[in-house]
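Let's take a walk through this structure together, one region at a time. Have the sequence and the 3D view open as you read.

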Amino acid sequence: MWEDYRDAARLCREKIRAAKAQLELKLASTVGDNEKGCFKYVNNKRRTRENIGSLLDENGHLTNRDIDKAETFNAFFASVFNTDDRLWDPSCPELEDRDCGNDKLPADPEIVWDLLLHLDASKSMGPDGIHPRVLRELADVIARPLSIIFQWSWESGEVPVDWKLANVVPIFKKGKKEDPGNYRPVSLTSVPRKIMEKIMLGVIKKHLKDNAVIGHSQHGFVRGRACLTNLVSFYDKVTHLVDQGKPVDVIFFLDFSKAFDTVSHSILLDKMSSIQLDKNIVRWVSNWLTGRAQRVMVNGVTSGWAASH
């Protein structure tokens with residue numbers, strides 16, 4: 001009896017090892033077509049789930065309670081935002097003159113329904129407590145009501161309060177784990193808001209493409225381009241000039257600390273207006289940037305709400 005059990009257990013382990021080896025071989029052989037799946041499998045093997053340990057607060061004292069860690073993170077993340085913004089008037093005549101006439105947001109129920117069906121059910125929900133799987137399962141029912149809400153928000157410029165809230169999860173980057181500055185804040189926001197933003201992003205990308213706003217020298221945040229394509233283009237230009245016997249001077253920046261957190265809202269809105277984006281988009285973004293709030297989640301404990309600039 002015991003021998004049969006050991007033989008069955010050994011056979012089971014061998015089957016599991018064979019199946020695992022076959023899966024890894026398949027991922028390795030199809031990495032060109034399934035790069036995301038391959039790296040996801042590798043990262044799952046390397047990932048170690050650890051709770052956040054002690055942190056240094058603003059006074060240099062170590063905090064051990066989860067609620068104190070959450071408050072420490074919240075205070076730090078809120079402190080790095082840029083608050084030196086001059087007032088921006090969304091009704092300025094200059095903006096009215098730049099209206100492109102796109103009065104209707106392309107948020108038909110069919111489009112919203114398709115976006116709902118493609119939601120990733122494994123993603124986390126936002127502060128509104130609506131899980132993406134619930135939205136995906138109820139796509140046939142809620143597609144039309146959501147499209148009405150999106151169209152109303154677009155036309156009025158009003159942004160629902162729930163869309164201005166964010167649960168922030170700190171993700172360790174590098175350095176000392178006691179330093180809050182070595183963690184990256186990842187915001188978990190309302191899923192309906194993300195759908196609205198995705199629809200608006202399509203409008204913005206179409207405008208940028210149709211009006212050739214982005215030049216050929218732009219490689220960052222452009223589909224099909226990255227640091228590698230930028231390096232190849234730069235290398236080609238430099239070698240071409242050197243072959244012609246011309247001198248080459250290079251000025252470069254390594255990195256900008258907290259670049260996205262310190263962008264001036266007024267400059268951003270002025271830039272959006274200057275490239276002749278529809279006034280509804282600029283007005284909506286302006287209202288969305290005001291009155292935002294965040295809270296940090298640490299080991300299942302949440303901090304209080306803090307203004308998010």
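**Two crossing helices and what surrounds them**

The crossing of α5 and α8 is right-handed. Keep in mind as you look that this is a predicted model. The axes of these two helices come within 11 Å and cross at roughly 120 degrees. An angle from 65 to 115 degrees would count as roughly perpendicular, and α5 and α8 are therefore oblique to each other. Where do α5 and α8 meet? On the α5 side, look for V112, L115 and L116; on the α8 side, their partners are I195, K198 and I199.

Stay with L116 for a moment. Leaving aside residues up to four places away in sequence, L116 touches L135, R136, A139, I142, A143, L146 and I195. L116 also belongs to the largest nonpolar core, which has 32 residues. Along with L116, the members that touch the most other members are L105, F150, M196, I199, I281 and W284. Which elements give two or more residues to this core? They are α5 (109–117), α7 (139–156), α8 (191–210), α10 (265–274) and α11 (279–288). Of these, α8 gives the most, with 8 residues. Apart from this core lies another one, of 9 residues, including L55, F73, V168 and V298.

Now follow the chain to α11, one of the contributors to the largest core. Is α11 largely enclosed or open? Because 7 of its 10 residues are buried, α11 is largely enclosed by the rest of the structure. The buried residues are N280, I281, V282, W284, V285, S286 and W288. At the N-terminal end of α11, D278 acts as a cap: one of its side-chain oxygens lies 2.7 Å from the backbone nitrogen of N280.

A neighbour of α11 is α7, and the two pack with their axes 8 Å apart, at an angle of about 95 degrees. That angle falls in the range from 65 to 115 degrees, so α7 and α11 are roughly perpendicular to each other. From α7, the residues S153, W154, E155 and S156 meet N280, I281, R283 and W284 of α11. Two names here will be familiar, since I281 and W284 were among the residues of the largest core that touch the most other members.

Next, go back to the stretch that leads into α8. T189 lies in the loop between β4 (183–188) and α8. Is T189 buried or exposed? Its relative accessible area is 6%, and buried means under 20%, so T189 is buried. Not counting residues up to four places away in sequence, T189 touches G126, P127, L165, A166 and K194.

Finally, look beyond the other end of α8, at the loop between α8 and α9 (227–243), where A212 lies. F221 is found in this loop as well. Most residues other than glycine have a negative phi. A212, however, has a positive phi of about 50 degrees although it is not a glycine. The phi of F221 is positive too, near 60 degrees. How accessible are these two residues? A212 is exposed, with a relative accessible area of 60%. F221 is exposed as well, with a value of 77%. So our walk ends with two exposed residues, after passing through the buried part of α11.

Note on methods
Residues numbered from 1 in each chain as written. Predicted model: local features only at pLDDT ≥ 70, side-chain atom pairs only at ≥ 80, totals over all residues. Heavy atoms only, no water. Core = buried A, V, L, I, M, F, W, Y, C linked by side-chain atoms within 4.5 Å. Buried < 20%, exposed > 50% of the residue type's maximum accessible area, 1.4 Å probe, protein only. Helix = DSSP H or I, 4+ residues; strand = E, 2+ residues; numbered from the N terminus. Contact = heavy atoms within 4.5 Å. Polar contact = N/O pair within 3.5 Å; in protein donor to acceptor, adjacent residues only side chain to side chain. Axes fitted to C-alpha atoms, helices over the stretch in contact; angles between N-to-C directions. Parallel < 35°, antiparallel > 145°, perpendicular 65-115°, else oblique. Left-handed = near helix turned anticlockwise from the far one by under 90°.
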